[in-house]
Amino acid sequence: MQTLRFLMAGALALAFAGTVSAAPARQDAAHEHQHEPTAGAATLHLNAGKKWETDAPLRQAMGNIRQAMAASLPGIHENRLSAKGYGQLARKLEGEVGSIVAHCKLEPQADRQLHLILSQLLEGTQGMASRTDSAKRQAGAVRVIGALEKYATYFDDG
């Protein structure tokens, strides 16, 4: 899990630097996945007016993230979710993001768009993992929900 956190922290650092990238959890011949920097600040956009296509592993992981968040929303809204509960939720979401990165098979433009959303998801999980700041945990959850909404807007989860 430490390696995954290190990779995710690196992905966030690159995203903040104006680069849309994330290092895959492992690199092998079956996963020839390239992440290329973009010129200037990257912004989400549709694919010629249409949602970007997805693949089964992406849809599965994003569905798992949505379900985990939906199950936790009452506790989050009612301020009942403990720091430990937020931490467990953050680890689950980080695992799903790691799965997305490891199994990513989108075309390069869709991949760059997806990594904007993954960066937002990881920012949210970092906030949710705070052990001392309940406002930061809640803000992290809001960030994750925002990323899920953007995913639904820009990607065909069909």
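**Reading the core, a cavity and a ring pair**

Guide: The largest nonpolar core has 30 residues, and Met62, Met69, Leu93, Leu114, Leu121 and Met128 are those with the most contacts inside it. Helix 2, helix 3, helix 4 (108–128) and helix 5 (134–154) are the elements that give two or more residues to this core. This is a predicted model, in which local features need pLDDT of at least 70, side-chain atom pairs count only at pLDDT 80 or more, and totals for chains, interfaces and linings use all residues. Residues are numbered from 1 along each chain as its sequence is written, and side-chain values use heavy atoms, with hydrogens and water left out.

Visitor: What is meant by a nonpolar core?

Guide: A nonpolar core is a set of buried Ala, Val, Leu, Ile, Met, Phe, Trp, Tyr and Cys residues joined through side-chain atoms within 4.5 Å, where buried means under 20% relative accessible area with a 1.4 Å probe, protein chains only.

Visitor: Which residues does Leu93 touch, not counting residues up to four places away in sequence?

Guide: Contact means heavy atoms within 4.5 Å, and with that sequence limit Leu93 touches Ile65, Ala68, Met69, Thr125, Met128 and Val144.

Visitor: How many aromatic pairs does the structure hold?

Guide: Rings of Phe, Tyr and Trp (its six-membered ring) pair if their centres lie within 6.5 Å, and planes under 30 degrees apart count as stacked. The structure holds one aromatic pair: Tyr151 and Phe155 are stacked, 5.5 Å centre to centre with 15° between the planes.

Visitor: Why does Tyr151 count as buried or exposed?

Guide: Tyr151 counts as buried because its relative accessibility is 1%, and Phe155 also counts as buried, at 1% relative accessibility.

Definitions and conventions
Rings of Phe, Tyr and Trp (its six-membered ring) pair if their centres lie within 6.5 Å; planes under 30 degrees apart count as stacked, over 60 as edge-to-face and the rest as tilted. Buried means under 20% relative accessible area, exposed over 50%, partly exposed in between (1.4 Å probe, protein chains only). Helices (H or I, at least four residues) and strands (E, at least two) are DSSP runs, numbered from the N terminus.
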